[in-house]
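Dear colleague,

Please find below the structure for your study. My notes on it follow.

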Amino acid sequence: MAGIYLHIPFCKQACNYCNFHFSVNKNNIPQMVQAIANEIHIQQAFLSNSTIHTIYFGGGTPSLLSWEQINFLLNNIQKHFSIANEAEITLEVNPDDCTPEKLQAWRNAGINRLSIGTQSFREEDLKWMNRSHNALSAIRAIEQAHQASFHNISIDLIYGIPGLTTAAWLQNVQQATQLPIQHLSCYALTVEPKTALSNAIQKKLLPDINVDEQALQFELLMQWLPDAGFQQYEVSNFAKSGFESKHNSSYWKGIPYLGLGPSAHSYNGQWRQWNIANNSLYLQSIEKGTIPAEIEQLTPSQKRNEQIMIALRMKEGIYFNQLSNLFSPEHKAALLRNADKWINHNLMEWLPEAQQLRLTTKGMLYADGIAADLFETT
């Protein structure tokens, strides 16, 4: 199994919290599409002839591409890779790009899963984040996608936004679960360096986030969603049965993937590589037939740490009898010893019969920090 991720680095406008690589200058979209197609050809050996089970158009805003450009890229992938018959093919879209005509064209091109960047159903939140859509267009996009026979729809919601009360957060979640969606990704608003949000907070133009309020909203989310039929399978992701994201799950399970486009990351089990986050330099390099990427060869210790990190993001956590042969009995014993303090604080639990170490519901609040604490330091 393997996956392919395509980074489409263009947006209509910049959200104030976003630190992803993108450009609002859309003039060279045709050149970028051709360059990514060329990279597909250059990189065809990266996954060692693995069958591709997931394809994911991310960004940026991939729905800015025409359906012909999406179809062109999919055809190029099919020419150079073996694609599974039931492959999950996801397109990230902005609500205001979803028209009945585009939705049908995406279906015809082979897209079978949509990730709709809703973020909130409250006008004040969307304006605060500088989103290009409004609440009504978000609802309409989801309903029209369902009418266009998309039956695997995911949306994003953001919590911890200044001014978002617990009552308003509940209304947001209830609105989401009343719509024909199968998957929810819910993220805490984070203040990333060098973003418009970070600059505005530093200049006291906007209030800083309240981490205690964020923690409460996350805990309430984990209480509310199961009652609506959405089970948490990863720290930030909830799905109806059978609709877990196969592509994102492959990241958390350490399955190899190839990233295409500027700033895209790749992993093949032995090393990671990441393309340069500069559109012009990416285009120039691909035109010369070279991949503008840095490569990191992973040591056994780094591989063990990565297994710990990605397993703890999943609800089931770490099954000791499924750890790779990189984990000797000594490594496993050390990992369990290091987890003792978190178990004693009820942030982790050890199930000896299943040989399973996992985060508790409260521990999910601190997933990244706990994982980092369990890393090997040598």
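The secondary structure of the protein chain comprises 13 helices and 15 strands; helices (H or I, at least four residues) and strands (E, at least two) are DSSP runs, numbered from the N terminus. The chain has a radius of gyration of 21 Å, close to the 21 Å that the globule rule gives for 378 residues, so it is as compact as a globular protein of that length. This radius is taken over C-alpha atoms, and the rule is 2.2 Å times the number of residues to the power 0.38.

Please note that this is a predicted model, in which local features need pLDDT of at least 70, side-chain atom pairs count only at pLDDT 80 or more, and totals for chains, interfaces and linings use all residues. Residues are numbered from 1 along each chain as its sequence is written, and side-chain values use heavy atoms, with hydrogens and water left out.

Helix 6 (residues 166-177) makes contact (heavy atoms within 4.5 Å) with helix 8 (residues 211-227). Thr166, Trp169, Leu170, Val173 and Thr177 in helix 6 meet residues of helix 8, including Leu216, Leu220 and Trp224. The residues of this contact comprise 8 nonpolar, 3 polar and 1 charged. Here Ala, Val, Leu, Ile, Met, Phe, Trp, Tyr, Cys and Pro count as nonpolar, Asp, Glu, Lys and Arg as charged, and the others, Gly among them, as polar.

In the lining of the second largest pocket, the residues divide into 13 nonpolar, 8 polar and 5 charged. A pocket is an open set of points on a 1 Å grid over the protein atoms alone, where a 1.4 Å probe fits, with protein on both sides within 12 Å along at least five of seven lines; lining residues have an atom within 4 Å of a point. Helix 11 (300-313) gives the largest share of this lining, 5 residues.

Yours sincerely

Terms used
Axes fitted to C-alpha atoms, helices over the stretch in contact; angles between N-to-C directions.
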